[in-house]
Amino acid sequence: MVDKEQKRLSKVVEKTDLQWREELTPEQYRIARKGGTEPAFSGEYYDHKEKGTYRCVCCEAVLFRSADKYDSGSGWPSFWNSATEDAIITRRDVSLGITRVEIVCAACNAHLGHVFEDGPAPTGLRYCVNSVCLDFTNLDEENL
C-alpha cells in the first residue's frame, strides 16, 4: 500500500498544541494528537452496533459510516471504507520498527489508527481506528 497524501479538504482545522490540550481529554490528546494507541477491546466503539456516522473527535469531520463497519476481531473499531474519498489521509509509519500505513483526519491531521490490506470485499481494507478518536452520531440524530 502506498502513501496517499490526498488533497486537503477546503475546511482545514488548525489549532495550537495548547488549544488541543485544552479542548481534548488527556487520553484523546495522547492518541489523536501524539499518535498513541488505546488497548485492544477497551474502546467505546469496538463492539458498537448502532446506525449512524463516526466523526473526528477533534474537528467533527465525518470519517466513517456504520454501514462500512465490521467485526474484524482486532479489538478496535474496523471499517472497510472511509465515509468519503477525501476524509482520510494515509502516510507511512515506521514508529515501531515495522512499516505500517497510518490514517489521519484530512481536516485536522488527527491520528486515527492504521489501515491494513486484510479487510473484506469490496475494498480489501481494514481501517483500524482508536475509539477515543471518534464521536458517534446516531442516524436518528442526523435526520433532525
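**Entry 1: Phe 79 and its strand**

I looked up Phe 79 and found it opposite Tyr 127 in β8. This is a predicted model, and I read it as such. Next I checked the strands around that pair. Strand β4 covers residues 78-79, and strand β8 covers residues 126-129. I see two bridges between β4 and β8, in the antiparallel sense.

**Entry 2: the sheet of six**

I then traced the sheet that holds β4 and β8. Six strands make it up, and the sheet is open. I noted the order as β3-β4-β8-β7-β6-β5, with antiparallel pairing. Which are the edge strands? I found β3 (69-70) and β5 (88-93), each paired on one side only. A reminder to myself: strands of a sheet pair through backbone hydrogen bonds, either parallel or antiparallel.

**Entry 3: the sheet of three**

I moved on to another open sheet, this one of three strands. I wrote its order as β2-β1-β9, again antiparallel. Its edge strands are β2 (62-65) and β9 (134-138), and each has pairing on one side only. From one strand to the next, I get an average twist of 30°. I also looked at how β1 (residues 52-56) meets β9: five bridges join the two, antiparallel. Within β9, I found Phe 136 as the bridge partner of Tyr 54.

**Entry 4: helix α2**

Which residues of helix α2 (residues 26-33) are buried? I listed Gln 28, Tyr 29, Ile 31 and Ala 32. What covers them? I found α1 (17-23) and β7 (111-116) among the elements that do. Strand β7 also belongs to the sheet of six. After α2 I came to Gly 35, with a positive phi near 80°.

Terms used: Residues numbered from 1 in each chain as written. Predicted model: local features only at pLDDT ≥ 70, side-chain atom pairs only at ≥ 80, totals over all residues. Heavy atoms only, no water. Pairing = 2+ DSSP bridges. Helix = DSSP H or I, 4+ residues; strand = E, 2+ residues; numbered from the N terminus. Buried < 20%, exposed > 50% of the residue type's maximum accessible area, 1.4 Å probe, protein only. Contact = heavy atoms within 4.5 Å. Axes fitted to C-alpha atoms, helices over the stretch in contact; angles between N-to-C directions.
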